[in-house]
Amino acid sequence: MKKKVIIFLIGVLATMTTVNAQTLSERQKGLAACACLMAQGDLQRLEPAVRMALDSGATINELKEAFSQLYAYTGFPRSLNALGVLSKVLESRQPNWQEGKPWVRPAEWDNARSAYELGVKNQTQLSGKPFNYDFCPQDDYYLKSHLFGDIFAGDQLSAADREIVTVAALSGLEGVAPQLAAHKAGAVNMGNSKELVDELSAWLSSKGYTLLSKWPKGEPNPYGKFFIGQSYLADVGGGVIRSAQSDASSSETSLKNVTFEPRCRNNWHIHHKQVQVLICVAGRGWYQEWGKEPVEMTPGTVIAVPAEVKHWHGAQKDSWFQHLTYHKDVKEDASNEWLEPVDDETYDRVGK
């Protein structure tokens with residue numbers, strides 16, 4: 001039964017990511033990573049992402065433009081915070097980081113009619129047809145005159161790159177599925193291929209910037225006191241997995257999905273008289289047994305944790321992490337023993 005379960009789960013994993021030709025440039029990946037983390041307000045992860053973007057060919061002025069544009073989608077506080085991170089990074093400016101072309105004040109800013117007409121043109125192209133939000137004339141005007149007019153009038157980013165930045169930002173937010181779907185289509189209308197947009201979404205997930213997963217996130221983990229950081233727990237389908245024991249009897253254990261935010265990990269612990277099975281389904285994580293080197297977990301990794309072995313598992317520093325878990329070979333009086341936390345010193349050594 002174990003093999004059938006693993007084969008089934010790996011088959012599901014294979015359908016979760018669209019395999020496309022690698023068309024995203026390193027520069028675009030840098031811009032996308034920064035936009036996604038800026039939208040989440042994750043300043044700790046944003047700082048190294050800004051450095052990565054600058055090392056990958058994104059210019060300083062392009063990042064300024066991206067963070068400025070995204071205030072319209074994420075709010076001024078996160079836009080200003082991101083610009084603050086960029087300013088901090090530039091205190092140790094590297095020779096290979098490019099300023100980019102000089103910023104020029106758009107002429108449309110001095111002519112409200114021109115800004116509105118440009119906005120109508122850009123919004124029509126992005127939507128694929130004329131778009132009028134008659135339900136709320138105020139928002140209709142703001143969209144046309146300011147977002148697609150004033151903001152899109154800047155020349156630091158192309159229309160295609162603007163939509164990459166927007167899709168990446170919306171991918172990092174919850175509760176914006178309609179807008180994300182609209183901008184994915186709009187990204188194609190503004191000059192990107194559908195394959196590139198699909199690749200962007202898959203890349204953001206594979207690198208842990210977003211949690212693109214068909215497995216439910218669940219509710220805050222009731223065992224959270226045994227974790228450092230935030231985790232979530234979901235009962236997957238309410239079903240059970242039957243596993244054969246050495247005495248030919250059987251046991252049943254429910255299949256759970258555990259979601260870890262970046263840096264989240266559980267305490268050292270031991271499963272007495274039972275084997276725990278871990279199956280990574282999204283993001284990137286670590287598994288480590290006491291006295292042994294850590295093992296990286298990526299989608300498709302399956303680990304059977306022997307009974308009586310002290311271990312921990314959790315997310316990598318810069319990635320969400322999801323794994324399914326169940327127990328097999330469960331003996332009478334089986335139990336879990338929670339031990340000391342995985343302190344920052346131990347955790348930060350992992351992966352170096």
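Leucine 278 is found in strand β7, which runs over residues 275-283. This placement, like everything that follows, is read from a predicted model. Is leucine 278 buried or exposed? At 0% relative accessibility, leucine 278 counts as buried, because a residue is called buried under 20% relative accessible area. Its surroundings can be listed by name. Leaving aside the neighbours within four places in sequence, leucine 278 is in contact with Tyr287, Met297, Thr301, Val302, Ile303, Val305, His313, His323, Leu324 and Thr325. One of these partners, methionine 297, is 19 residues away from leucine 278 along the chain, and the C-alpha atoms of the two residues are separated by 9.4 Å.

It helps to step back to the whole protein at this point. The secondary structure comes to twelve helices and 13 strands. Of the 352 residues of the protein, 47% count as buried. Contacts across the sequence can be viewed in a similar way: among those with a separation of 6 or more, 73% are made by residues 24 or more positions apart.

Three loop residues come next. Glycine 300 is found in the loop between β9 (295-297) and β10 (302-305). With a relative accessibility of 25%, glycine 300 counts as partly exposed, because that value falls between the 20% limit for buried and the 50% limit for exposed. The C-alpha atom of glycine 300 is separated by 8.6 Å from that of alanine 282, a residue 18 positions apart from it along the chain.

The other two loop residues, arginine 263 and glutamate 308, stand out by their backbone angles. Arginine 263 has a phi near 75°, a positive value in a residue other than glycine. It is found in the loop between β4 (250-260) and β5 (265-266), and arginine 263 is partly exposed, with a relative accessible area of 22%. Glutamate 308 also has a positive phi, of about 70°, although it is not a glycine. The place of glutamate 308 is in the loop between β10 and β11 (311-315). With a relative accessible area of 43%, glutamate 308 is partly exposed.

Among the helices, α6 offers a good example of how geometry can be checked by simple arithmetic. Helix α6 covers residues 76-89, and at 1.5 Å a residue its 14 residues should span 20 Å; the end C-alpha atoms are 20 Å apart, so the expectation and the model agree. Which residues of α6 are buried? They are Ser79, Ala82, Val85, Leu86 and Val89. These residues cover an arc of only 120° around the axis, and therefore lie on the same side of α6. The face turned away from this buried side carries the exposed residues Pro77 and Leu80. As for what covers the buried side, the buried residues of α6 pack against α2 (26-40), α3 (43-55), α4 (60-69) and α5 (71-74).

Helix α9 (159-171) can be put to the same kind of check. It has 13 residues and reaches 18 Å from its first C-alpha to its last, close to the 18 Å expected at 1.5 Å a residue. How many residues of α9 are buried? Twelve of the 13 are, and α9 is thus described as mostly covered. The buried residues include Asp161, Arg162 and Glu163, together with Ile164, Val165 and Leu170.

The last topic is empty space. Rolling a probe the size of a water molecule over the atoms shows where empty space is left. The largest pocket has a volume of about 980 Å³. It is lined by 36 residues, of which Gln40, Tyr209, Thr210, Leu211 and Trp320 lie nearest its centre. Helices α2, α3, α9, α10 (177-189) and α11 (194-206) each supply at least two residues of this lining, and α3 gives the most, with four residues. By class, the lining of the largest pocket has 16 nonpolar, nine polar and eleven charged residues.

The second largest pocket has a volume of about 680 Å³. Its lining is made up of 22 residues, and Leu143, Leu147, Phe148, Gln179 and His183 lie nearest the centre. Here α5, α7 (112-127), α8 (137-151) and α10 each supply at least two residues. The lining of the second largest pocket divides into 15 nonpolar, six polar and one charged.

Terms used: Residues are numbered from 1 along each chain as its sequence is written. This is a predicted model: local features need pLDDT of at least 70, side-chain atom pairs count only at pLDDT 80 or more; totals for chains, interfaces and linings use all residues. Side-chain values use heavy atoms; hydrogens and water are left out. The expected span of a helix is 1.5 Å times one less than its number of residues. Buried means under 20% relative accessible area, exposed over 50%, partly exposed in between (1.4 Å probe, protein chains only). The arc is that of the directions from the helix axis to the C-beta atoms. Contact means heavy atoms within 4.5 Å. On a 1 Å grid over the protein atoms alone, a cavity is a set of points where a 1.4 Å probe fits but cannot get out, and a pocket is an open set with protein on both sides within 12 Å along at least five of seven lines; lining residues have an atom within 4 Å of a point. Grid points are joined across faces, edges and corners, and a volume is the space filled by probe spheres set on the points. Ala, Val, Leu, Ile, Met, Phe, Trp, Tyr, Cys and Pro count as nonpolar, Asp, Glu, Lys and Arg as charged, and the others, Gly among them, as polar.
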